[in-house]
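User: I would like to learn how to read contacts in a protein–DNA model. Please take me through them one feature at a time.

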Protein chains: 2
Amino acid sequence: MTLEEPNTRTRLLAHAREVYLEGGAAHFSLREVARRVGISAAAVYRHFDSKDALLGAVCEEGFRTFLGYLLRSLGERTPLARLRAAGDLYLRFALENEHDYRVIFMSSVAAIAVGAAKADPAVTSPTFLFLVDRVRECTASGDLREGDPTAMAAGIWAHVHGLSSLRLCGHLASAGDDAAFAFFFRQSMDALLVGLAP
Amino acid sequence: MTLEEPNTRTRLLAHAREVYLEGGAAHFSLREVARRVGISAAAVYRHFDSKDALLGAVCEEGFRTFLGYLLRSLGERTPLARLRAAGDLYLRFALENEHDYRVIFMSSVAAIAVGAAKADPAVTSPTFLFLVDRVRECTASGDLREGDPTAMAAGIWAHVHGLSSLRLCGHLASAGDDAAFAFFFRQSMDALLVGLAP
DNA sequence: GTCTATAGGTGGATAGAC
DNA sequence: GTCTATCCACCTATAGAC
């Protein structure tokens with residue numbers, strides 16, 4: 001295993017993500033990506049069938065990174081600690097991978113482009129199922145009330161997503177720096193968990 | 001005062017809003033608006049300086065609409081009922097004015113497009129201050145705990161925004177139709193309020 | 001105020017040479 | 001795999017006639 005030059009396909013993906021993050025799906029252009037990679041627009045079609053296929057591939061990559069963050073929460077010793085850690089890691093992913101986060105959760109491209117390129121729900125839903133599992137084991141351990149784990153997970157997801165996305169949009173800038181915001185984030189998350197306790 | 005034929009400028013605004021609602025700011029085109037109004041694209045420039053000016057006028061309307069929704073919560077009799085109603089109306093606004101919502105809360109375009117047309121922060125922030133006031137009176141009435149009302153309001157805002165935006169992106173489609181989702185929304189909001197109770 | 005005509009720009013996608 | 005050349009669609013904006 002040696003260090004290799006990134007191949008063209010990889011470079012296309014990297015620059016495609018960059019372009020998408022700068023202007024959103026609206027201004028995403030295959031030509032601009034090709035320009036940055038340093039090849040002609042036509043050459044892109046050797047690597048991807050269409051503009052949408054390229055955009056879809058960008059989304060898939062983000063999902064994998066995201067899942068990697070969440071899995072780290074499994075290092076905690078108790079169900080509740082794992083759930084809370086998952087929340088913290090969710091925020092970390094959002095702050096450390098703003099571009100990916102926007103692609104995945106703050107645009108309709110993920111649901112559309114990914115679904116179009118590869119109608120595989122297993123690409124997106126494992127992350128949500130992971131959260132449902134964290135909720136389930138918290139219910140089993142008595143940390144959360146009995147109830148539809150999917151609905152509870154959706155509520156928790158919405159909460160952490162709301163905090164993360166508003167932060168990324170600059171709407172919660174008054175909360176201070178990232179460390180201060182992480183503290184506020186944890187507090188708010190805990191308030192919700194109290195409301196979901198038995 | 002008599003009933004008059006809407007003038008061209010008014011008709012432009014109406015159709016611009018229609019086009020905007022159909023495809024969002026991304027696919028908004030001055031030509032398409034002109035087409036629907038039945039005049040040439042060039043004629044639009046007699047009424048608006050540019051495409052952005054026209055779009056800005058439409059967006060301003062969105063902000064006013066949003067505030068209108070929130071204000072209806074004041075019809076409730078108790079502080080807690082007003083806060084809960086504000087939450088419900090927030091969701092209603094998001095679902096009934098999807099593109100307005102996206103522009104205001106799910107993109108950085110709001111600060112740019114609208115800000116360019118009218119750099120008045122008082123257009124957006126009154127809505128958050130409105131929520132802070134709802135929290136304050138709930139603390140006074142004993143429905144919510146003592147604490148920084150701004151932080152609590154931010155947490156509540158994030159929660160309703162998270163639910164609303166995920167719904168709009170199609171990520172919470174499994175929750176059923178809008179009525180079913182509104183029910184789930186209310187439940188989740190109540191859980192958070194329980195966590196924020198004294 | 002509205003038109004036509006036009007300038008000048010974006011973009012996606014394909015064909016065929018190499 | 002990559003290129004150039006090309007086609008077609010769409011767009012914003014302006015100029016000048018009426």
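**Reading the contacts**

Analyst: Across the interface of chain B and chain A the rule finds 0 salt bridges, a salt bridge being a side-chain nitrogen of Lys or Arg within 4 Å of a carboxyl oxygen of Asp or Glu. This is a predicted model, in which local features need pLDDT of at least 70, side-chain atom pairs count only at pLDDT 80 or more, and totals for chains, interfaces and linings use all residues. Residues are numbered from 1 along each chain as its sequence is written, chains are lettered from A and ligands numbered from 1 in the order in which they are written, and side-chain values use heavy atoms, with hydrogens and water left out.

User: How many residue pairs are in polar contact across the interface of chain B and chain A?

Analyst: A polar contact is a pair of N or O atoms within 3.5 Å; within protein, one must be able to donate a hydrogen and the other to accept it, and residues adjacent in sequence count only if both atoms are side-chain atoms. The rule finds 3 such residue pairs between chain B and chain A, both residues at pLDDT 80 or more. On the chain B side, helices H6 (98-105), H9 (149-168) and H10 (178-195) each supply at least two residues; helices are DSSP runs (H or I, at least four residues), numbered from the N terminus. H9(B) gives the largest share, 11 residues.

User: What area do chain B and chain A bury between them?

Analyst: The size of an interface is often given as the accessible area lost when the parts come together. Here the buried area (accessible area lost with a 1.4 Å probe, summed over both parts) is about 2,100 Å², 73% of it on carbon and sulfur atoms. In contact (heavy atoms within 4.5 Å) are 27 residues of chain B and 29 residues of chain A.

User: Which residues are closest to DNA strand C?

Analyst: A residue is near a strand if one of its heavy atoms lies within 4 Å of it. DNA strand C is surrounded by 17 residues, the closest being Arg31(A), Tyr45(A), Ser40(B), Arg46(B) and His47(B). For Arg31(A), a side-chain N or O atom is 2.3 Å from a base nitrogen of the strand. Phosphate oxygens of DNA strand C lie 2.8 Å from a polar side-chain atom of Tyr45(A) and 2.7 Å from one of His47(B). Of the strand's atoms within 4 Å of the protein, 48% belong to sugar or phosphate and the rest to bases. Helix H2 (30-37) of chain A supplies the largest share of the surface near the strand, 3 residues.

User: Where in chain B do Asp190(B) and Arg84(B) lie?

Analyst: Side chains of opposite charge can pair when their charged atoms come close. Asp190(B) and Arg84(B) meet in a salt bridge at 2.5 Å, N to O. Asp190(B) is in helix H10 and Arg84(B) in helix H5 (residues 79-96), so the pair ties together parts that are 106 residues apart in sequence.

User: Is Arg102(B) buried or exposed?

Analyst: Buried means under 20% relative accessible area, exposed over 50%, and partly exposed in between (1.4 Å probe, protein chains only). Arg102(B) is buried at 16%, whereas its salt-bridge partner Glu98(B) is partly exposed at 30%. Their closest N and O atoms are 2.6 Å apart, and both residues lie in helix H6 of chain B, 4 residues apart, about one turn of the helix.

Notes. Buried area = accessible area lost by both parts, 1.4 Å probe.
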